Amino acid sequence: MATLRQLEAFIATAEFRKMSEAAKHLYISQPTISQIISELEKEYDTKLFERQAKELRITPAGSLLLKSAREIISIEQNLKQNMKTMNRIRPLRVGATVTVGANIIGKIIAQITEEYPDIDVFVNVSNTHQIEHMLLYNELDIAIVEGIVTPKELVAQPVFIDKLCIICSKDHPFAGRPYLHVTDLKNQNFILREKGSGTRAIFEAFMAAQHVPYEIKWESNSTPAILDAVSRNLGLGFVSERCAIGKIAAGQLFQCPIPEIDSERFFYLCYNSIHPMTSQMKDFSAYVCSLPKDFN
């Protein structure tokens, strides 16, 4: 029977696809990782990785073990957490993507901690790809994300409606126009969120579907930085209307309506289906789902 230490080493090897990187992550030697993988292959009488020139490729048997290993580690960590906090506090690790973090997560957490003072909340704000990763590897319990969630292990429930918009500065030729056609965006300069952002993924998918070429001049994981650069006429932006509404109202930015763009999207409440649903996760989920769809 594999030990927890062996399973942790196996999961790290599967994730990094290199024994040297897995060893660094776990602060153990590479020969130790190699020995653990050999022991597991002997234990289960099967090959878990194919050794290739630059990295390891997991086998079908390895994928099966990986799924079970994650379940076992998640159960063990949850048990340890529950035993430590029994009759005291209920820890909750919440993820939020950047747009969610900038606009609504603070209000939600403030209300949760007021209504449930025994819930101790930790929040991580990052992009959709990173939040997905943290949910998969039990580094977060639950999250609200702005992008389309792809891993099949993650449950994604739509909770809030959001609107996306293209913005420009007051000095841009598009400023003040009642609407644009998607062809007007051809070869325009854009200031966008970083790769891994849900907002960025939606923009790229739309432009690819319309076959419209464009130039990326800036990338940033900071929405305020994007708004500032757009206001200085350094390019167009593609952001949540929630983030830009203040500068639009002040006349520093202009919204560029484009009928071909479906501007509505959802924010999703997400959690790992493998992770046991704790009482604090249920309380958080119930509160979020009780809020209006246009919560702001």
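The largest pocket in this predicted model has a volume of about 460 Å³. Its lining holds 22 residues, and I11, I73, Q77, Y137 and N138 are the closest to the pocket's centre. Four elements give two or more residues to that lining: α1, α2, α4 (60–85) and α7 (128–136). By class, the lining of the largest pocket divides into nine nonpolar, seven polar and six charged residues.

The second largest pocket has a volume of about 220 Å³. Its lining is made of L66, K67, R70, L136, Y137, K152, E153, N272 and I274. Here α4 gives the most, with three residues. The lining of the second largest pocket divides into four nonpolar, one polar and four charged residues. Y137 deserves a second look. It is among the residues closest to the centre of the largest pocket, and it also lines the second largest one. Helix α4 likewise serves both, giving two or more residues to the lining of the largest pocket and three to that of the second largest.

Pockets are open; what about enclosed space? Rolling a probe the size of a water molecule over the atoms shows where empty space is left. Across the whole structure, the search finds one cavity of 30 Å³ or more. The volume of this largest cavity is about 30 Å³. Around it stand T99, R193, T199, T223, I226, F238, V239, S240 and C243. Two elements, α9 (223–231) and β9 (236–240), each supply at least two of these lining residues. The largest share, three residues, comes from β9. The cavity lining divides into four nonpolar residues, four polar ones and one charged.

Now step back to the whole chain. It has eleven helices and eleven strands. The C-alpha trace spans about 70 × 50 × 30 Å along its principal axes. Of the 296 residues, 46% are buried. Contacts reach far along the sequence. Among those between residues at least 6 apart, 74% join residues at least 24 apart. Distance in sequence and distance in space can also be set side by side for a single pair. P117 and Y268 are 151 residues apart in sequence, and their C-alpha atoms are 25 Å apart in space. P117 sits in the loop between α6 (105–115) and β4 (119–126). With a relative accessibility of 66%, P117 counts as exposed.

Helix α2, one of the elements lining the largest pocket, is worth following residue by residue. Which residues of α2 (residues 19–26) are buried? They are M19, A22 and A23. These three cover an arc of only 100° around the axis, so they lie on the same side of α2. The cover over these buried residues includes α1 (4–16), α3 (30–44), β1 (49–51) and β2 (56–58). Thus α1 appears twice in this account: it helps cover the buried residues of α2, and it gives residues to the lining of the largest pocket.

The backbone on either side of α2 has its own detail. Before the helix, R17 lies in the loop between α1 and α2. R17 is not a glycine, yet its phi is positive, near 60°. Its relative accessible area is 41%, so R17 is partly exposed. After the helix comes Y27, whose phi is also positive, near 60°. A further case is D45, in the loop between α3 and β1. D45 has a positive phi of about 55° although it is not a glycine. Its relative accessible area of 70% makes D45 exposed.

The cysteines come last. A disulfide is a covalent bond between the sulfur atoms of two cysteines. How many disulfides does a search of the whole structure find? It finds zero. C168 is in no disulfide, and the nearest cysteine sulfur, in C256, is 3.6 Å away. The cut-off for a disulfide is a pair of sulfur atoms within 2.5 Å, so a separation of 3.6 Å does not qualify. C168 is also buried, at 0% relative accessibility. For C270, the closest cysteine sulfur is that of C289, at 11 Å, which is too far for a bond. C270 is buried too, with a relative accessible area of 1%.

Technical notes:
Residues are numbered from 1 along each chain as its sequence is written. This is a predicted model: local features need pLDDT of at least 70, side-chain atom pairs count only at pLDDT 80 or more; totals for chains, interfaces and linings use all residues. Side-chain values use heavy atoms; hydrogens and water are left out. On a 1 Å grid over the protein atoms alone, a cavity is a set of points where a 1.4 Å probe fits but cannot get out, and a pocket is an open set with protein on both sides within 12 Å along at least five of seven lines; lining residues have an atom within 4 Å of a point. Grid points are joined across faces, edges and corners, and a volume is the space filled by probe spheres set on the points. Ala, Val, Leu, Ile, Met, Phe, Trp, Tyr, Cys and Pro count as nonpolar, Asp, Glu, Lys and Arg as charged, and the others, Gly among them, as polar. Buried means under 20% relative accessible area, exposed over 50%, partly exposed in between (1.4 Å probe, protein chains only). The arc is that of the directions from the helix axis to the C-beta atoms. Contact means heavy atoms within 4.5 Å.
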